Amino acid sequence: MARPRVVIVGAGFGGLRAARVLRSAPVEVLLLDRRNYHLFQPLLYQVATAGLSPTDIAYPVRAIFRRQGNVRFRMTRVEGVAWERREVLTDHGPLRYDYLILGVGARTNFRGSDRIARHGFGLKDLDDAVRIRNHVLRRLEEAAIPGASAEPSGWLTFAIVGGGPTGVEMAGALSELVRVALRKDFRGLADRPVRIVLLEAAERILPAMPADLSRAAARSLTRKGVEVLVGRQVADYDGRALSLADGTCMPARTLIWTAGVDAAALTRELGARLGPQGRVAVRPTLQLPGRDEVYVIGDAAYLEHEGAPLPMMAPVAMQMGAAAAQNIRRSLRGEPLEAFRYRDPGSLATIGRHSAVAYVHGLKFRGFSAWAVWLVVHLIRLIGFRNRLVVLINWAWDYVLYERAVRLITPE
């Protein structure tokens with residue numbers, strides 16, 4: 001008899017973990033993604049700030065599962081699901097499933113502003129990171145042209161909107177790129193007014209961390225030359241200036257948006273009840289209500305933990321992927337399913353060279369110790385020995401020589 005087919009949509013953290021947990025299960029796994037690689041999104045900001053190459057944080061999906069005989073991969077775009085026929089609809093035709101795991105991820109949420117989306121930069125994919133890197137380097141090249149002192153207002157103002165971990169890490173890395181590494185190469189840049197501004201609508205950055213760690217992160221950013229502005233909500237952006245909710249205007253020719261995400265657009269096509277941010281409201285077992293054979297995981301799933309929505313972060317997706325796969329194994333054995341239980345691994349944010357904050361199992365770390373923890377965690381989670389080695393070498397090179405390795409303007 002044919003084995004049951006488990007179709008997994010999305011080769012992100014959750015989808016990969018689910019496929020691995022099904023390694024020895026009596027099933028056929030079909031993994032679908034519109035890209036042929038797994039992307040380590042927590043380090044996207046380092047590609048955007050010329051610290052790493054795109055190939056350092058991406059790994060081919062087929063290579064990941066080369067030795068797992070029950071997994072097949074197909075690069076395709078998923079367009080919907082035909083529930084009654086149990087088929088996933090793709091741009092290459094329908095695909096039958098017995099069990100379905102949806103780990104479709106998230107997209108940048110520009111808060112409904114078409115102008116911000118048009119003129120600003122998101123940071124969710126390799127293309128976004130390369131566009132930011134090219135844009136920043138072009139701004140510096142143009143500022144270095146003789147006679148460029150009359151450039152428009154805000155030409156060398158870089159605004160990062162969103163004071164969560166991504167925004168904090170982006171601001172710190174961008175400051176080091178502009179103020180340390182590139183001033184060695186751009187002799188006339190030292191006297192030019194360069195502004196890097198981090199704007200957060202809440203009353204402090206890193207609001208999910210304890211207040212003292214937030215203050216420590218803000219002080220570290222300030223020492224690196226970043227202007228940290230809290231309680232400032234961006235209402236509009238036209239490519240030349242930010243309009244804030246309090247009516248003030250800030251000239252800036254660069255806006256990097258890290259102020260939030262929504263679940264991927266596919267969740268709107270499922271006909272399911274949606275929670276905040278377009279996330280699918282799931283049962284405690286991660287099943288889609290009314291569809292026992294369908295599981296939703298990661299950023300696409302809405303589930304509460306201790307009275308609050310689970311964060312849209314990689315550890316949640318990985319744990320959900322494992323839990324969904326284990327419940328499929330239980331279903332095949334005729335055993336009762338188990339509710340998902342989230343185990344909070346803590347939170348980390350690096351602010352640049354030997355500076356970070358971390359909150360892990362009730363313990364607080366800051367400075368070099370937190371930075372060392374951050375390094376180890378991210379190296380362990382990277383897929384592929386080559387990627388780990390290259391990233392480690394690049395980090396060591398930058399640490400010792402203050403030299404960003406990938407200062408290239410490339411075709412987009």
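These are my notebook entries on a few strands and aromatic rings that I looked up in this predicted model.

**Strands**

I began with strand E14 (residues 234-237) and strand E15 (residues 241-244), and found that they pair in the antiparallel sense over 3 bridges. They form a hairpin with 3 residues between them, and in its turn I noted glycine 239, which has a positive phi of about 90°. Following E15 onward, I saw that 3 bridges also join E15 to strand E16 (residues 249-251), again in an antiparallel run. The hairpin of E15 and E16 has 4 residues between the strands, and glycine 247 takes a positive phi near 95° there.

I then looked up the partners of serine 243: this residue of E15 is the bridge partner of aspartate 236, and serine 243 has cysteine 249 in E16 as a bridge partner as well.

**Rings**

I searched the whole structure for aromatic pairs and got 3. One of them joins phenylalanine 13 and phenylalanine 40 edge-to-face, at 5.7 Å centre to centre and with 70° between the planes. Phenylalanine 13 lies in helix H1 and phenylalanine 40 in the loop between strand E3 and helix H2, so the pair ties together parts that are 27 residues apart in sequence. I noted both phenylalanine 13 and phenylalanine 40 as buried.

Next I looked at phenylalanine 368 and tryptophan 371, whose pair is tilted, with 5.6 Å centre to centre and 45° between the planes. The two are 3 residues apart in helix H9 (residues 368-381), so about one helical turn separates them. Tryptophan 371 is buried, with a relative accessible area of 12%.

**A charge over a ring**

Last, I checked arginine 139, whose charged end sits over the ring of tryptophan 155, 4.1 Å from its centre.

Conventions. Residues are numbered from 1 along each chain as its sequence is written. This is a predicted model: local features need pLDDT of at least 70, side-chain atom pairs count only at pLDDT 80 or more; totals for chains, interfaces and linings use all residues. Side-chain values use heavy atoms; hydrogens and water are left out. Two strands pair if DSSP finds at least two bridges between them. Rings of Phe, Tyr and Trp (its six-membered ring) pair if their centres lie within 6.5 Å; planes under 30 degrees apart count as stacked, over 60 as edge-to-face and the rest as tilted. Buried means under 20% relative accessible area, exposed over 50%, partly exposed in between (1.4 Å probe, protein chains only). A charge sits over a ring if NZ of Lys or CZ of Arg is within 6 Å of the ring centre and within 35 degrees of the ring normal.
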